[in-house]
Amino acid sequence: MVEQKEASIVDMLEQSNSLLPHIVLASTLLALVHPPSFTWFTTRYYAPALGFLMFAVGVNSSEKDFLEAFNMPAAILAGYVGQFVVKPILGYLFGIISVSVFGLPTPIGAGIMLVSCVSGAQLSNYATFLTDPPMAPLSIVMTSMSTATAVFVTPLLSLLLIGKRLPVDVKGMVSSIMQIVVAPIAAGLLLNRLFPQISGVIRPFLPPLSVLVTACCVGAPLAINVDSVMSPFGVTVVSLIIAFHLSAFVVGYYFTGFVFHKASDLKALQRTLSYETGMQSSLLALALANRFFKDPLVAVPPAISTVIMSLMGFSLVMIWAKKKE
């Protein structure tokens with residue numbers, strides 16, 4: 001009886017990830033209605049929070065997941081192109097539009113571009129799992145590859161897109177991404193490999209803690225920037241961020257349909273690559289904006305993107321999951 005009770009508690013902890021879409025929405029509403037709920041979670045916590053989420057990804061990853069997914073190299077390449085070619089082009093276009101058409105300050109355009117330069121979001125893996133579970137390993141590999149190479153690609157893309165507008169500290173970004181992303185994932189994988197018993201003990205506690213951390217990471221940027229977001233200036237930025245993410249989701253979906261039109265599991269593949277292209281680690285962009293750009297306005301688009309990307313991604317989960325039923 002005691003063993004059964006312990007097992008049910010462990011199951012509850014492990015299944016807490018299923019609450020994530022609802023938690024994201026609740027965090028957004030709470031941040032808007034009562035900002036002090038999240039303002040204590042200041043910018044100094046962003047990097048450690050992201051590091052924890054990366055560590056959780058490492059602990060929950062295995063070589064088997066990656067080996068299975070590597071049987072689809074063309075899909076992995078398409079996901080990478082969506083992440084680091086299609087998305088930066090869209091980010092550059094919307095960044096230019098924000099300044100030249102809407103007359104927004106240059107740092108806002110730079111912030112939109114910065115959002116488009118970062119790696120895929122781990123939330124895309126979970127969104128894929130909720131919609132098409134067999135595609136989850138492929139999503140993990142695509143996100144992991146973009147995350148691992150972001151240490152070089154993100155600073156170079158930032159220099160290419162933003163460098164002429166604002167100074168970009170490439171060396172600093174490389175070092176920061178190594179500390180925030182690469183090191184925690186490597187630590188999680190090593191813990192999994194060398195100390196599986198310890199991994200087994202802490203693994204059930206990672207989902208609820210990850211949900212809590214994600215809630216803070218979604219709510220805090222919105223709460224801290226609530227005045228900017230609710231101003232006429234903020235409404236324009238929100239509209240541009242929505243348009244940017246919507247474009248990325250749509251292009252990812254139809255680009256996949258065009259390239260893999262003969263695939264047997266085409267619809268599942270389209271949904272997976274749509275998530276991968278439309279969702280990225282806006283929190284990493286926010287951490288980089290706060291650390292490497294003097295103008296605080298650069299951080300506004302990543303802060304808004306953190307919320308918009310999560311809400312749009314999980315809205316698609318609900319729409320596509322219903323259609324499958």
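## A walk through a helical model

Start by selecting Phe41: its relative accessibility is 9%, so Phe41 counts as buried, the cut-off for that label being under 20%. Now add Trp40 to the selection. Trp40 and Phe41 make an aromatic pair, edge-to-face, with 5.5 Å from centre to centre and 90° between the planes. Keep in mind as you click around that this is a predicted model.

Zoom out for a moment and colour by secondary structure. You should get 17 helices and 0 strands. The protein has 325 residues, and 54% of them are buried. Switch on a surface if you like: about 14,800 Å² is accessible, and carbon and sulfur atoms account for 71% of that. As for contacts with a separation of 6 or more, 83% of them link residues 24 or more positions apart.

Back to the rings. How many aromatic pairs does a search of the whole structure find? It finds 7. For another of these, select Tyr275 and Trp320: the pair is edge-to-face, 5.4 Å centre to centre, with 75° between the planes. Tyr275 sits in helix α15 (residues 266–278) and Trp320 in helix α17 (residues 300–324), so this pair ties together parts 45 residues apart in sequence. Are these two buried or exposed? Both Tyr275 and Trp320 are buried. Now add Tyr253 and Tyr254, and you have one aromatic cluster made up of Tyr253, Tyr254, Tyr275 and Trp320.

Next, try the record. An unreviewed UniProt entry lists several stretches as "transmembrane region", among them 20–39, 74–102, 236–260 and 299–321. Select residues 236–260: the chain there is 96% helix and 0% strand, and its end C-alpha atoms lie 36 Å apart. Do likewise with residues 299–321, where the chain is 96% helix and 0% strand, with 33 Å between the end C-alpha atoms.

For the last stop, go to helix α6 (residues 73–100) and pick out Ile89, which is found there. Ile89 has 49% relative accessibility, so it counts as partly exposed; the exposed label needs over 50%. Then select Val85, Tyr92, Leu93, Ile97, Val101 and Phe102 along with Ile89. Together these residues form a nonpolar patch on the surface, with about 620 Å² of accessible area. Show them as spheres and turn the model until the patch faces you.

Note on methods. Residues are numbered from 1 along each chain as its sequence is written. This is a predicted model: local features need pLDDT of at least 70, side-chain atom pairs count only at pLDDT 80 or more; totals for chains, interfaces and linings use all residues. Side-chain values use heavy atoms; hydrogens and water are left out. Patches are made of residues with over 30% relative accessible area and no salt bridge: like charges are joined within 9 Å, nonpolar side chains (Val, Leu, Ile, Met, Phe, Trp, Tyr) within 5 Å. Accessible areas come from the Shrake-Rupley method with a 1.4 Å probe; for residues, only the protein chains shown count as cover. A salt bridge is a side-chain nitrogen of Lys or Arg within 4 Å of a carboxyl oxygen of Asp or Glu. Helices (H or I, at least four residues) and strands (E, at least two) are DSSP runs, numbered from the N terminus. Buried means under 20% relative accessible area, exposed over 50%, partly exposed in between (1.4 Å probe, protein chains only). Contact means heavy atoms within 4.5 Å. UniProt positions are given in the numbering used here, feature names are shortened, and annotations may be inferred rather than shown by experiment. Rings of Phe, Tyr and Trp (its six-membered ring) pair if their centres lie within 6.5 Å; planes under 30 degrees apart count as stacked, over 60 as edge-to-face and the rest as tilted.
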